[in-house]
Amino acid sequence: MPATLTPQVFPSAEDASAALANEIGNLVRIRASENRSVVLGLATGSTPIRLYSELAQLHRMGLSFANVITFNLDEYLGLERSHAESYWQFMHFRLFDHIDIPPENIHIPDGTIADEDLAPYCAGYETAICEAGGIDLQVLGIGHNGHIGFNEPGSPPDVTTHVTSLNEITIRDAARAFGGAEFVPTRAITMGVRTILDARRVVLMAFGTSKAQIVSEALTSEVTADLPATYLHNHQDATFYLDAEAASMLSQG
Ligand code: PGA
């Protein structure tokens, strides 16, 4: 496998998040000085929360996000934006309400699209990414089942933004937030593996002991649809940002 997918292990999740926030801040600043925009692919979940508070802090210290364009990985199908668990709410509460990104630069898949309109809607999401210049840096988490975005085990590599059914581990992981597995949406719109691999740089973050096993498998396994994070072995500039706990099952040396 290519040697590019080497993890960076930080003492804590705070350190890893600050490192990525600083990398993003530097990119935003450089592009602003060139009068160019930056296209970020963003993730939801518990993992990137510290990254977003670090970015909000950079804004309070003077960094403008006026030249930033964002595309979120995914959204549950069937949720209005106003639903407390929609990713639209999450992103605004955690990041967008705290920075000066122009609202028209924010792209989050719309969970209310009617079934018959989903195919053109997903194609349009891809077109918008292309028209923005492609994703410069994609932020990812990893599910306990190895998913990236909602690309669940079994996902093929050559798929762009699409509708998918959530795997039972993903539904179980979301059950608490929704007040029971029966309230978790069963489908989502997600960027595909191809969309993610087309980003110029990919940083997958994983924190805590509960991620140690899947991180170890993702880094040591051959590329397989059974563990979608392994597709990142095929990317020229992908890395894992881990805290010591998530790295605790990696073999030394
Ligand atoms: P988490 O989810 O950040 O809440 O652990 C990650 C994921 O499912 O991709």
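Visitor: What makes Gly-45, Ser-46, Thr-47, Gly-141, Ile-142, Gly-143, His-147 and Lys-211 the residues around the ligand?

Guide: Happy to explain! In this predicted model, a residue counts as near a molecule if one of its heavy atoms lies within 4 Å of it. Those eight names, from Gly-45 to Lys-211, make up the group around the ligand.

Visitor: How do you know that the contact with Thr-47 is polar?

Guide: The cut-off for a pair of N or O atoms is 3.5 Å. An N or O atom in the Thr-47 side chain is 2.5 Å from a ligand oxygen, so the pair qualifies. His-147 also uses a polar side-chain atom, 2.6 Å from an oxygen atom of the ligand. With Ser-46 it is a polar backbone atom, at 2.9 Å from a ligand oxygen. As for cover, the ligand on its own has 280 Å² of accessible area, and the protein covers 74% of that.

Visitor: Why is the shell around the ligand said to have six polar residues?

Guide: Gly counts as polar here, so Gly-45, Gly-141 and Gly-143 belong to that class. The shell also has one nonpolar and one charged residue: Ile-142 is the nonpolar one and Lys-211 the charged one, because Ile and Lys fall in those classes.

Visitor: Which space does the ligand take?

Guide: The ligand takes the largest pocket, whose volume is about 860 Å³. It is lined by 32 residues, and among those closest to its centre are Ser-46, Tyr-87 and Asp-173.

Visitor: Which element gives the most to that lining?

Guide: That is α5, with seven residues.

Definitions and conventions
Residues numbered from 1 in each chain as written. Predicted model: local features only at pLDDT ≥ 70, side-chain atom pairs only at ≥ 80, totals over all residues. Heavy atoms only, no water. Polar contact = N/O pair within 3.5 Å; in protein donor to acceptor, adjacent residues only side chain to side chain. Areas by Shrake-Rupley, 256 points an atom, 1.4 Å probe, with all protein chains shown as cover. 1 Å grid on protein atoms, 1.4 Å probe; cavity = no way out; pocket = protein on both sides within 12 Å on 5 of 7 lines; lining within 4 Å. Sits in = over half its atoms within 2 Å of the grid points. Points joined across faces, edges and corners; volume = space filled by probe spheres on them. Helix = DSSP H or I, 4+ residues; strand = E, 2+ residues; numbered from the N terminus.
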